Structures are given as C-alpha cells and as structure tokens.
Amino acid sequence: MDIQRVSNTIQEALNAQMTREAHAAQIYLSYAAWAADNGFDGVANFLFRHAGEERNHMMKILEYVLQRNGKVKVTAIPAPDADPKNLNDCFEKVLKSEIENTEEIYKLVSMSMAEKDWATWNFMQWFVKEQIEEETLALNLLAKMKIAGGENAKGDALYAIDRDLANAPDDARSAEDVTTADP
Ligand code: OFO
C-alpha cells in the first residue's frame, strides 16, 4: 500500500517551493545587509526580520511534506540578485520577488485543484493569504517612497522612511517567537 499522501508531482512542486522560500530569505538577508551598510538601520531591521519569516515559510512546507509521508528534498539555494541601487530600487526588488513568489504559489494551488488534492489545496490557502499581506507591505513601502521622491528621494525624506520602519510594529516576528503552524 502506498502511504505517500501527496502525488510525486505535488511533492516535487512543494520541494521546489520550499527552496524558493529559502531563496526569498536569502534575498531579504542580502538587502538587509545592503541597507545596514548604507546607514538605513530601520530598513535593515525590517528586512532582517522578514528574512526570518521567509525561512519559517520554508519550514512550514517542509513539515507539511513530512506530515503527508512525502520525501523532503533539500537542495542548493540560488544566490540573490545584485544589491539594490537605492532604497526605491530595494523596495521595487522586494515587490518583484513577492509577486514572482505569488505566481508560483498560484501554480501549486492550480495543481492541487487539478489533482483534487484538497489537503494541499487547503494548506496552500495560508500562503495565498500571506502573499496578499506581503505584497501590500511592499506596495505601501513603494507608495511612501513615491511621496518621498522615488529614485530621487534624499536627505530628510529617506531619514523619515527609515525611522518609520525602525518604529513599525513587528509584522515579521523573530524566529524564536514563531511556530511552523503560525510562522
Ligand atoms: Fe514572501 O512569503 Fe513566503 O511565501
């Protein structure tokens, strides 16, 4: 009797998504380091915390695959893209990466629907909701940047955005405060 409760196709897609979440964590980590290096400590703090959140998403998928008696495949993580040119570019890159991730999540939702794998479909709904929040966060950051002058923002405006993020509520919590059920 086959006790694997996800198809090989879904298993492969979940493993790929797990690596994508790890890649997202690396992207946030590299932008956070860039921000800290450029004196944006508030932005850096926000991005460092978000890197932890992406890693928790990776763990959530890993645990789900195990729970469904599937085989977890941990692979190499691609390197993040080049550093941002400025803060506007940084937030644009964050939004782009989140949108790409959303597209991949939608593919998994469609696949699980086509297979009538309702357990995976239901599991993936958490990610669909999470992506709405994360895209909103990135869109709001870009809206602030636009008011501040976008690519040409400088001085006081950049300082204010950085200070706002330093004081922002912890949307992304530290790793020790979360569980895989509530990443
Ligand atoms: Fe950016 O969120 Fe994971 O899935």
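Okay, so let's start with Lys 107. At 47% relative accessibility, Lys 107 counts as partly exposed, because anything between 20% and 50% gets that label. And please keep in mind that what you have up there is a predicted model.

What does Lys 107 pair with? Lys 107 forms a salt bridge with Glu 104, and the closest N and O atoms are 3.2 Å apart. Both of them sit in helix α3, and because they are three residues apart, about one helical turn separates them. Glu 104 is partly exposed as well, at 21% relative accessibility. That value is just on the partly exposed side, because buried means under 20%.

Now, this pair has company. If you look for Arg 20, you'll find that Arg 20, Glu 104 and Lys 107 are linked in a network of salt bridges.

So how many salt bridges does the structure hold? The count is four. Let me take you through two others.

Stay on helix α3 and find Glu 100 and Lys 96. Their side chains meet in a salt bridge, at 3.1 Å from N to O. These two are four residues apart in α3, again about one turn of the helix. As for how open they are, Glu 100 is partly exposed at 43% relative accessibility, and Lys 96 is partly exposed too, with a relative accessible area of 48%.

The next one goes between helices. Lys 144 forms a salt bridge with Asp 164, and here the closest N and O atoms are 3.8 Å apart. Lys 144 is in helix α4 and Asp 164 is in helix α5, which runs over residues 155-167, so this pair ties together parts that are 20 residues apart in sequence. Are they buried or exposed? Somewhere in between: Lys 144 is partly exposed with a relative accessible area of 42%, and Asp 164 is partly exposed with 36%.

Okay, let's go inside. The structure holds one cavity of 30 Å³ or more, and about 40 Å³ of space lies in it. Which residues line the largest cavity? Going along the chain, you have Tyr 28, Phe 46, His 50, Val 94, Glu 98, Glu 134, Leu 137 and Ala 138. If you sort that lining by character, five residues are nonpolar, one is polar and two are charged.

And where does the lining come from? Helices α2, α3 and α4 each supply at least two of its residues. The largest share comes from α4, with three residues.

Back out to the surface, and to helix α4 again. Trp 121 is in that helix, which covers residues 118-148. At 30% relative accessibility, Trp 121 counts as partly exposed. Together with Met 113 and Trp 118, Trp 121 forms a nonpolar patch on the surface, and the accessible area of the three adds up to about 320 Å².

Now a bit of backbone. Most residues other than glycine have a negative phi. Here are two that go the other way. One is Lys 116, with a positive phi of about 55° although it is not a glycine. You'll find Lys 116 in the loop between α3 and α4. Lys 116 is exposed, at 60% relative accessibility, because the cut-off for exposed is over 50%.

The other is Asn 69, also not a glycine, with a positive phi of about 60°. Asn 69 lies in the loop between α2, residues 41-67, and α3, residues 87-114. This one is partly exposed, with a relative accessible area of 43%.

While we're in the loop between α2 and α3, have a look at Ala 79, which is placed there too. Is Ala 79 buried or exposed? It's exposed, with a relative accessible area of 61%. And if you want a sense of distance across the model, take Ala 79 and Ala 168: they are 89 residues apart along the chain, and their C-alpha atoms are separated by 29 Å.

So, to take with you: a network of salt bridges linking Arg 20, Glu 104 and Lys 107, a salt bridge between Lys 144 and Asp 164 that ties α4 to α5, a cavity lined by residues that include Phe 46 and Leu 137, and a nonpolar surface patch of Met 113, Trp 118 and Trp 121. That's my tour, thanks.

Key:
Residues are numbered from 1 along each chain as its sequence is written. This is a predicted model: local features need pLDDT of at least 70, side-chain atom pairs count only at pLDDT 80 or more; totals for chains, interfaces and linings use all residues. Side-chain values use heavy atoms; hydrogens and water are left out. Patches are made of residues with over 30% relative accessible area and no salt bridge: like charges are joined within 9 Å, nonpolar side chains (Val, Leu, Ile, Met, Phe, Trp, Tyr) within 5 Å. Accessible areas come from the Shrake-Rupley method with a 1.4 Å probe; for residues, only the protein chains shown count as cover. Buried means under 20% relative accessible area, exposed over 50%, partly exposed in between (1.4 Å probe, protein chains only). On a 1 Å grid over the protein atoms alone, a cavity is a set of points where a 1.4 Å probe fits but cannot get out, and a pocket is an open set with protein on both sides within 12 Å along at least five of seven lines; lining residues have an atom within 4 Å of a point. Grid points are joined across faces, edges and corners, and a volume is the space filled by probe spheres set on the points. Ala, Val, Leu, Ile, Met, Phe, Trp, Tyr, Cys and Pro count as nonpolar, Asp, Glu, Lys and Arg as charged, and the others, Gly among them, as polar.
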